[in-house]
Amino acid sequence: MAIRSEVLRAMLAAGASAEMLVAAVEADEKLAHVVVLDGRTIPVDVRDEVLARDGPVCRYCQRVTSTPQLDHVMPWSRGGRTDATNLVVSCKPCNTAKKNRTPEEWRGE
Ligand SMILES: [Zn+2]
């Protein structure tokens, strides 16, 4: 699964550095095999939509991540949907720390 060229073009247009583009390709390769914690795989078209929107940047700590995961903002175990409106790119440390909480619950801990 190769990253789609329009994703890279969009990142370039947004001023991404070469380092960011390499990170995006690497993140894409890893995200191609992403499995959420409940064992369900995320559809490729949904994954691509989230990556095209977020790039290889963790939505929670705003850092380029080398351990990209897809996180359900509203946890799947609590009824959150597996679609682009409820999924964000997250680094592994943030995803692990958030657990099955909403971002508001996590920040309020
Ligand atoms: Zn993070």
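This is a short selection-by-selection tour of a predicted model.

**The whole chain**

Start with the full protein chain in cartoon view. Look for 5 helices and 2 strands. Along the sequence, they run α-α-α-β-β-α-α. The chain has 109 residues, and 26% of them count as buried. Now consider contacts with a separation of 6 or more: residues 24 or more positions apart account for 60% of them.

**Colour by confidence**

Switch to pLDDT colouring. The chain mean is 82, and 85% of residues reach 70 or more. Select helix 5, residues 103–107: confidence is highest there, at a mean of 95. Then select helix 2, where confidence is lowest, at a mean of 77. Where pLDDT is low, the coordinates should not be read in detail.

**The strand pair**

Select residues 68–72, which form strand 1. Add residues 87–91, which form strand 2. How do the two strands pair? They run in the antiparallel sense, over 5 bridges. Check both ends of strand 1. Proline 68 has cysteine 91 as its bridge partner in strand 2. Histidine 72 stands opposite leucine 87 of strand 2.

Stay on strand 1 and show side chains. Are its residues buried or exposed? Strand 1 is mostly covered, with 5 of its 5 residues buried. Pro68, Leu70 and His72 lie on one side, Gln69 and Asp71 on the other, and both faces are covered.

Move to strand 2. Here too, 5 of 5 residues are buried. One side carries Leu87, Val89 and Cys91; the other carries Val88 and Ser90. Both of these faces of strand 2 are covered as well.

**Cysteine 91**

Centre on cysteine 91, in strand 2. Why does cysteine 91 count as buried? Because 23 C-beta neighbours lie inside 10 Å of cysteine 91, and the cut-off for a buried residue is 20 or more. Draw a distance to proline 68, C-alpha to C-alpha: 4.9 Å in space, for two residues 23 apart in sequence. Next, show the contacts of cysteine 91, leaving aside neighbours within four places in sequence. They are Cys58, Cys61, Arg63, Thr65, Thr67 and Pro68.

**The largest nonpolar core**

Which core residues should you select next? Take Val50, Cys58 and Val89: of the 14 residues in the largest nonpolar core, these touch the most other members. Then bring in helix 2 (18–31), helix 3 (44–54) and strand 2, each of which supplies at least two residues of this core. Strand 2 gives the most, with 4 residues.

Zoom in on valine 50. Which residues is it in contact with, leaving aside its neighbours within four places in sequence? Leu70, Ala84, Leu87, Val88 and Val89. Two elements already visited appear in that list: Leu70 is in strand 1, while Leu87, Val88 and Val89 are in strand 2.

**Helix 3 and its end**

Select helix 3 and look down the axis. Its buried residues are Arg47, Val50 and Leu51. These cover an arc of only 95 degrees around the axis, so they sit on the same side of helix 3. Last stop: glycine 55, which follows helix 3. Read its backbone torsion there. The phi of glycine 55 is positive, near 65 degrees.

Notes. Residues are numbered from 1 along each chain as its sequence is written. This is a predicted model: local features need pLDDT of at least 70, side-chain atom pairs count only at pLDDT 80 or more; totals for chains, interfaces and linings use all residues. A nonpolar core is a set of buried Ala, Val, Leu, Ile, Met, Phe, Trp, Tyr and Cys residues joined through C-beta atoms within 7 Å. A residue is buried if 20 or more other C-beta atoms lie within 10 Å of its own, exposed if 12 or fewer, and partly exposed in between; C-beta atoms are placed from the backbone. Two residues are in contact if their C-beta atoms, placed from the backbone, lie within 7 Å. Two strands pair if DSSP finds at least two bridges between them. pLDDT is the predictor's confidence in each residue, from 0 to 100. The arc is that of the directions from the helix axis to the C-beta atoms.
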